[in-house]
Amino acid sequence: MGRLFDEATKQRALFKAWQKIKSNGRRSSADETRDAIEEFDKNSLSNIRRIQKQLRTGEFQFDPQHGVTIKKSSGGKRGIVMASVRNRVVERALLDTLQNNSDFVKSVNTQPTSVGGVPNRSVPHGLQLIDDAFEDGKIHFVRSDISGFFDGIPRDKVLKAISRDVGDSEFMELLDRASTVVLSNETSLREDRKVFPTDSEGVAQGSPLSPLFGNILLHEFDKQLNGRGVTCVRFIDDFVIMSDSERRCRRAFKSAEGFLNHLGLKCHNPYSGASSPDKAQWGNANGSGFSFLGYDCAPGLFQPNRKARLSLLEKIRGRIKSGKTAIGHVRKKQDSFAARSRYAQTLTVIDSVVRGWGEAFACQ
C-alpha cells in the first residue's frame with residue numbers, strides 16, 4: 001500500500017473530509033443536497049467505516065453522477081455534475097491528502113495571485129491584491145474569463161503532473177477514477193451531453209478536486225502573467241490583468257490568450273467587441289471601475305455588484321415559491337409530514353441563504 005493511499009484512506013482522513021462535506025452541504029440551497037447530507041449523517045460512522053473497508057479491499061466503486069444543465073446568461077448551457085455524498089467524501093479526502101503531502105501541490109497553492117480553490121485564500125485576498133494594485137497606480141485593466149474551463153481541462157495532463165511528484169500508483173489510480181465523470185442520466189440528456197466532461201477531457205464542475213486541477217493547469221499562467229509592471233489576479237477561470245500602462249495591459253492579455261490557446265482553451269476578448277461586459281471588460285478603473293468576484297471594483301470603493309444583489313433576491317424568491325408550493329401540497333393532502341419545505345422550514349432556508357450571502361460579502 002502506497003504512503004499517500006494509506007493516508008487518504010485512514011478513517012480520520014475520511015471523517016475529516018465528511019465534516020467538510022457536511023458543513024458545506026447543510027448550507028446548500030438545494031433540497032436534494034441537504035436531504036442527502038442528513039441521510040448520510042444518520043449513520044455517518046458506519047458509512048465512513050464501510051467506505052474505508054471498500055477502499056482498502058479494492059471494492060469501492062464511485063456512484064454514477066447526475067448531470068444537471070443550467071442556462072447561462074449568454075444563452076448557452078452549463079453542465080453541473082451532482083455526485084453522491086460518498087463520492088464527495090472520497091474526493092475530499094484525496095484533495096486534503098494532496099494539499100498536505102505533495103510538495104508540487106503545495107507550490108501550486110502558494111502562488112499568491114491565485115485566490116480560488118486554495119487553502120486559506122479566497123475572495124478577500126483577491127480584493128486586497130486589486131486594492132494594492134490600485135495603490136500602486138495600476139488603474140488600467142483587462143478582465144476576462146475562460147470559456148468552458150472545467151470541461152476543457154486536459155485531465156490526463158494534470159494527472160501526469162501530479163504523478164511525477166506523488167509516485168504512488170494506488171493513490172493515482174483512485175484519483176483517476178475520482179476525477180472521471182460517469183453520468184447516470186447520459187441517455188436522457190441527449191444533446192445536452194456535450195456540455196459535460198468526457199473520460200479524457202474535463203473535470204466535473206462541483207467536485208472538490210476540480211479547482212485544484214484547474215490551478216495546476218494554470219500554475220505557469222499565474223507565474224508568467226505577473227511581474228514586469230503587471231498584476232494578474234485569478235479566481236479559478238476568472239482573471240483580471242492590471243497595470244499602470246494601457247499598452248502593457250493589452251500586451252499581457254495577448255500573452256494570456258496565447259497561453260490558453262496552447263492548452264486548447266479560450267478566453268473572452270473585450271477588445272473584439274463580441275463579448276458582453278459580463279464576460280470581459282477593459283478600460284481605466286478611475287472611470288466606472290470593473291466587476292470581479294461579485295464586486296464592483298474601483299479605487300477606494302468595493303461593493304457587491306448588481307448581478308450579485310439580483311442573484312440573492314432570485315434565490316429568496318425561489319425559496320418562497322417552493323415553500324408556498326409545499327404548503328399547498330400539505331393543505332391538499334391534509335398530511336403535515338407530506339412536505340418538508342413549509343413555513344418554518346422555508347424561513348430557516350432563507351435565513352441560511354441570506355447569512356451565506358452576507359458572509360461571502362463581509363470582507364468589505
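## A pairing to start from

In this predicted model, F292 has Y295 of strand 8 as its bridge partner. Let's use that pair as a way into the sheet around it, then step back to the whole chain, and finish with a second sheet.

## The three-stranded sheet

Strand 8 covers residues 295-298, and three bridges tie it to strand 7. The two run antiparallel. They belong to an open sheet of three strands, lined up in the order 7-8-9, with antiparallel pairing. Who sits at the edges? Strand 7 (290-292) and strand 9 (301-304) do. Each has just a single partner strand, so one side of each is left without a neighbour in the sheet. On average, neighbouring strands here are turned by 30 degrees against each other, if you ignore direction.

This sheet also has a helix for company. Helix 7, made of residues 123-135, lies across strand 7, strand 8 and strand 9. Its angle to strand 8 is about 20 degrees.

## Stepping back to the whole chain

Now zoom out. The protein chain holds 16 helices and nine strands. Measure the C-alpha trace along its principal axes in the model and you get spans of about 65 × 55 × 40 Å.

How does the radius of gyration fit with what a compact globule would have? For 364 residues, such a globule would come out near 21 Å, and the protein chain has 22 Å, so the two agree.

What about inside and outside? Of the 364 residues, 47% count as buried. The chain exposes about 18800 Å², and carbon and sulfur atoms supply 48% of that area. If you take the contacts with a separation of 6 or more, 68% of them come from residues 24 or more positions apart.

## The four-stranded sheet

Back to strands. Another open sheet is built from four of them, in the order 4-5-3-6, and here too the pairing is antiparallel. Strand 4 (230-235) and strand 6 (281-284) are at the edges. Each of these has a single partner strand, which means one side of each has no neighbour in the sheet. From one strand to the next, the twist averages 15 degrees.

Let's walk across it, beginning with strand 4. Six bridges join strand 4 to strand 5, and the two run antiparallel. You can pick out some facing residues: T231 stands opposite M242 of strand 5, while V233 stands opposite V240 of strand 5. Strand 4 and strand 5 make a hairpin with two residues between the strands. In that hairpin, I236 takes a positive phi near 55 degrees.

Next comes the step from strand 5 to strand 3. Six bridges join strand 3 to strand 5, again antiparallel. One pair to look for is H140, which stands opposite S243 in strand 5. Finally, strand 3 (residues 140-145) pairs with strand 6 in the antiparallel sense, over four bridges. There, R143 has Q281 of strand 6 as its bridge partner.

## Covered or open?

Is an edge strand such as strand 4 enclosed or open? Five of the six residues of strand 4 are buried, so the rest of the structure largely encloses it. In other words, strand 4 has one side without a neighbour in the sheet, yet it is still largely enclosed. Strand 5 (residues 238-243) is mostly covered too, with five of its six residues buried.

Terms used: Residues are numbered from 1 along each chain as its sequence is written. This is a predicted model: local features need pLDDT of at least 70, side-chain atom pairs count only at pLDDT 80 or more; totals for chains, interfaces and linings use all residues. Side-chain values use heavy atoms; hydrogens and water are left out. Two strands pair if DSSP finds at least two bridges between them. Axes are lines fitted to C-alpha atoms, for helices over the stretch in contact, and angles run from 0 to 180 degrees between N-to-C directions. Buried means under 20% relative accessible area, exposed over 50%, partly exposed in between (1.4 Å probe, protein chains only). The radius of gyration is taken over C-alpha atoms; the globule rule is 2.2 Å times the number of residues to the power 0.38. Contact means heavy atoms within 4.5 Å. Accessible areas come from the Shrake-Rupley method with a 1.4 Å probe; for residues, only the protein chains shown count as cover.
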